[in-house]
Each structure stands twice: as structure tokens, then as C-alpha cells.
Amino acid sequence: MHDNFVVTAMLVDDEAPMRDYLRGGLLKVWPELQIIGEAANGIAAAEQAAQLSPDIIFLDIRMPGKNGIEAAVELAQRSQVVFVTAYNEYAIQAFERGAVDYLLKPVELERLQQTVERLQLRIREKRAQVLQSSTPDIKSTQTVVTADQQSQQMKEILQQLMLRQAPQREYLRWIQASVGNALRMISTKEIVFFRSDEKYTLVQTEQAEYLIRKSLKELEDELDPDEFWRIHRSTLVRVTAIADVTRDFRGKQLMGLKGRSEKLEISRNHAHLFQQM
């Protein structure tokens, strides 16, 4: 930028080599830019930004502690934020739709140059707007509205990414059953259904059955609800093992299983799973 204004920036990334690389790239494409601070996590970034008030923050998204997404909403209120990300294609499309600046790791010098040019233009417009604020006109008012719209777009994108970034729950994938003096590891993919007894729970696979001491309630809490359905207070069944659902002469719903002759009763409390019957 060829003016008398000094532009300042902060680099926020939990990897020091990435901060060094970005600093070197910025020195090449924007030598006048003054890097006044660095941080390795979102908490430190928020504290430094409050003290230093940088014009721009280059912000990694995935960091320990308060991550980049959580920190961005707070930081964007005082600085231009450029996300540095290794996120998937979904996130990149979201950034582009919202006109939010981003750099995809590994950062290429040509892409950094494009981001710098956009930042320089935006900062010039913002400063011109400040100079005109004493005598606002229609044009400057429209600029404010556009900035507010972009801020709202970024907030919506960040909320979507926070939801997608939330750690996926790990469901139970193996059941341990004692067989004599041996411990049998049973993959949940082998299991057709669980049926509770007074003291034990029956684990039925296609080939055999086992008894375990884990309760049906514990199993229901630990198993993937998309894979196992509770059809009775005493029964959990693998969804892919279901062959059909019929009614007997009393009107009770009975479940047939693939490759098996027995029928499992569906209680009234769980009949909603098969509302079309």
C-alpha cells in the first residue's frame, strides 16, 4: 500500500514453522506490512489482539484450547480475519460464498498475493469511509450495510463449521463375552440382537449366542442408534437384520429376521418405529 498508513498484522497458528513460513511469504508480497504479534492458540490470540489491535489477523482454524473458529467471532469485531485452513472442500465453498478471506494449507505464494490485494483494497475503503464519516452520504451508508452483511455471513459460516468440527461420538464396536476360560471379542456387526434376562444379556450372532453382564440400558447408551433399535424393553435389534414386520391375530407387531425363524415382539412403546404397519 503506497500511503502514509502503517498496516499491522498478527499470525495465529499452533505450529511455529507455519507461522515462520507465512511471515516469510508476507515479507515477499507485502514488505510494508508490520507483523506485531504471534500466538499459538485462540486464547492467547484474543488477549494479544485486545492489547495490540492489529489491522489483520491470519488465523489457523484448528488449534488447542479455544480454536480458531471460536476465537474468530470475537477477533473479527476489531480486525480483518484471514482463515488459514486445511479444511475440506465444503468449508472452502462456504468461505467463497460468504466472501470470507481464506488461505488453504499449504499456502501458495500466488494465492497469498491475491489475498493481500483484497486486504489492501478493503483497508483503503475502510479508511476512506472513516474520513467521510463526518459527512456521510448514500454511498458510504451502503458500504456500511455491505460490511454488516459480510460480518453476518461470516458468523453463519463459523457456526456451520463449529457444528461440523464437533468431535464425532465414538460408539461401541466390540462386545466382550466370556466363553469358558477365554474372552471372546464380538464385533457389533456380527450381532443380530440383544435380549435381556434377569441377571444377564443374551448376545445373538448369526452363528452363536453368548451371555454378558452389561445391561440393555448400558448397551443402548453405547451403541449407534442408527445401527441398533430398541423394539421392546428387553430387546435391541440390528436394523440391517430386520426382514419384515407383521401382525398376529391379536394385533401385536412381530419382527422377522433375515435367515432366522424366530420372531421378536415389538412393544407398543416402540411401535412408532414402524408407523406404516
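The paragraphs below look at helix α5 and then at the largest cavity of this predicted model.

Helix α5 covers residues 109–132, and because 24 residues at 1.5 Å a residue should span 34 Å, the 35 Å between its end C-alpha atoms agrees with that expectation. Its buried residues are Arg 111, Leu 112, Thr 115, Val 116, Leu 119, Gln 120, Ile 123 and Arg 127. An α-helix has 3.6 residues a turn, so residues three or four places apart point the same way. The partners against which the buried residues of α5 pack are helix α1 (16–29) together with the strands β3 (56–60), β4 (80–85) and β5 (102–104).

One of these buried residues, Gln 120, deserves a separate look, since its relative accessibility is 13% and it therefore counts as buried, the limit for that class being under 20%. Although Gln 120 and Trp 30 are 90 residues apart along the chain, their C-alpha atoms are separated by 9.6 Å.

Turning to the cavity, a search of the whole structure finds one of 30 Å³ or more, and the largest cavity has a volume of about 40 Å³. Its lining consists of Leu 11, Val 12, Asp 13, Met 18, Arg 19, Leu 22, Phe 58 and Val 84, with β1 (8–12) and α1 being the elements that each give two or more residues. The largest share, three residues, comes from α1, a helix against which the buried residues of α5 also pack. By character, the lining of the largest cavity divides into six nonpolar residues and two charged ones, with no polar residue among them.

Definitions and conventions
Residues numbered from 1 in each chain as written. Predicted model: local features only at pLDDT ≥ 70, side-chain atom pairs only at ≥ 80, totals over all residues. Heavy atoms only, no water. Helix = DSSP H or I, 4+ residues; strand = E, 2+ residues; numbered from the N terminus. Expected span 1.5 Å × (residues − 1). Buried < 20%, exposed > 50% of the residue type's maximum accessible area, 1.4 Å probe, protein only. Contact = heavy atoms within 4.5 Å. 1 Å grid on protein atoms, 1.4 Å probe; cavity = no way out; pocket = protein on both sides within 12 Å on 5 of 7 lines; lining within 4 Å. Points joined across faces, edges and corners; volume = space filled by probe spheres on them. Nonpolar A, V, L, I, M, F, W, Y, C, P; charged D, E, K, R; others polar.
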